[in-house]
Amino acid sequence: MNDKLFIVGAAREDITPVIGTLLFGYNPFTESKSVHDPLHATAIAFAQGDQCAILFSVTIGGFQNELSDELRRTIGAEVGIPAENIILSATHTHSGPNTVGMEGWGDIDRVYVDTVLRPALCRAAKQAVDTLQPAELAVGVVHSEIGINRRQQMRNGAIALGQNPRGCFDPQMTCVAIRNRDTKAGIINLIHYGCHGTAAGLQTEISRDWSGIMTDRLEAVSGTMTAYINGAEGDVGPRLTNGQTTADFRYVEELGGYAASDAIRAYRALGVYTVGELKLYHGTVHIPRKPLLPRETAQAMLANYPNPDALYNLGRMEYLYFKSTLDEYDAGCPAYEHEMTFPQTILSLGDTAFVPFPFEIFSEVTMRLQEYSPIRYTLSLSNTNGYNAYLPSEDQLVRGGYEIACFRYNCTHPLIDSADQVLIDENLRLMTQEIQ
């Protein structure tokens, strides 16, 4: 046990964009016309001995890989800690500005990033570090059915975005409450749950979606700053009473109320407060890729896209997959790029760990990781430290559907079908090695 003082600080900044900002999540053309509720960046700083790390909850859709790296470097330089010790997690609301920049969904809003987001992240990080104080934490877990598997199988076998009551989702809602060790005053509450932020649907109002109502309510009840961190939401949508995965703000308020009740139950189910023990597990994750698609196949598939300039979303992604395959052949590139790699930082506070994933990861994957993990509460974070579309469980590939198409077509060299097992193995390897 590390007997050096465990200290925590937290701060929040407003990151609401100006009205007129293009919203991310459905198409590249939706312009915001009002603000339903403000967007936030919450920074939680953890320190013990010579270690310091910052976990962010940011109420936007996600962070493109290069943008995430850029922001982490900037924040790290601002507060004097390594960029690798900064975990940048997005709640994945679909009613926020475009910071993902995925082909087919529009470009990154650089004006927003440079004038609103970046300065706010730096301010929140600095204030969180400046308010470090002796701390202790407790964990509460309850069953919640706010989410539901969204891969609805139709009569003809096709997979549509909807509600699948027979499908997998993680029903655990976890509250991690951190308070001052001496005064017992709250520092931060973190609510962890995996679910898409799509209840508002294709609206024109800026919003945190259903999770905003949840965090606001728990904050009012507990008197402590509260933030949401999204778990495995790749195949999980909001359990809306219209039977769909999208709706409008009447449904946001309805589901948000239920979520608030569950979050308050989790808060009231907190166990004994204990002093945290900060550990950071660093390493590189390696996931093999498939060989380049045969040239003849790519050429044949391109014939299905006679007007590519009119495409967006998945159609644009698919077209560019086949086109970039031919471009690689024409440029004489190697036919096989062996693996995807990305730097990983796992933040452990004793019996609670936060595991970042730069994917919209499927729920079964993280539930398996939780089962095998040596750390009691292993909380996986989607859309964190980058974005590489969906990471499904291998058993779902045969069924197809939107998420599977994104997995197969978002990169010229897609990951192998068993990427889920590799990802579990790689993170377990890091969690059981000596601290670097």
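Trainee: Helices (H or I, at least four residues) and strands (E, at least two) are DSSP runs, numbered from the N terminus. With that settled, where does Asn385 lie?

Mentor: Asn385 sits in the loop between strand 19 and strand 20. This is a predicted model, where local features need pLDDT of at least 70 and side-chain atom pairs count only at pLDDT 80 or more, while totals for chains, interfaces and linings use all residues. Residues are numbered from 1 along each chain as its sequence is written, and side-chain values use heavy atoms, with hydrogens and water left out.

Trainee: Thanks! What is the phi of Asn385?

Mentor: Near 60°, a positive value in a residue other than glycine. Most residues other than glycine have a negative phi. Asn385 also counts as buried, because its relative accessibility is 12%; buried means under 20% relative accessible area, exposed over 50%, and partly exposed in between (1.4 Å probe, protein chains only).

Trainee: And His92, which loop holds that one?

Mentor: The loop between strand 5 (86-90) and helix 2. His92 has a positive phi of about 70° and is not a glycine. At 1% relative accessibility, His92 counts as buried.

Trainee: Switching to helices. At what angle do helix 1 and helix 2 cross?

Mentor: Roughly 40°, with the axes of helix 1 (residues 65-79) and helix 2 (residues 110-130) coming within 9 Å. Axes are lines fitted to C-alpha atoms, for helices over the stretch in contact, and angles run from 0 to 180 degrees between N-to-C directions. Helix 1 is therefore oblique to helix 2, given that under 35 degrees counts as roughly parallel, over 145 as roughly antiparallel, 65 to 115 as roughly perpendicular and the rest as oblique.

Trainee: Which residues of helix 1 meet helix 2?

Mentor: Among them are Leu67, Leu71 and Ile75, and on the helix 2 side the list includes Val113, Leu117 and Leu121. Contact here means heavy atoms within 4.5 Å. By class, that contact has ten nonpolar, one polar and five charged residues. Ala, Val, Leu, Ile, Met, Phe, Trp, Tyr, Cys and Pro count as nonpolar, Asp, Glu, Lys and Arg as charged, and the others, Gly among them, as polar.

Trainee: How about helix 5 and helix 6, what is their angle?

Mentor: Their axes cross at roughly 140° and come within 9 Å, so helix 5 and helix 6 are oblique to each other. Met301 and Leu302 are among the helix 5 residues that meet helix 6, where the partners include Phe322 and Leu326. That contact has seven nonpolar, two polar and three charged residues.

Trainee: On to the core. Which residues touch the most other members of the largest one?

Mentor: Ile287, Phe359, Leu391, Leu415 and Leu423, out of 40 residues. A nonpolar core is a set of buried Ala, Val, Leu, Ile, Met, Phe, Trp, Tyr and Cys residues joined through side-chain atoms within 4.5 Å.

Trainee: Which helix gives the most to this core?

Mentor: Helix 9, with seven residues. Leu423 has its place in helix 9 and, at 0% relative accessibility, counts as buried. Beyond neighbours within four places in sequence, Leu423 is in contact with Val285, Ile287, Phe342, Phe357, Phe359, Ile361 and Leu391.

Trainee: Last one: what in helix 7 is buried?

Mentor: Ser363, Val365, Thr366, Arg368 and Leu369. Their cover includes strand 14 (236-238), strand 17, strand 20 and helix 9.
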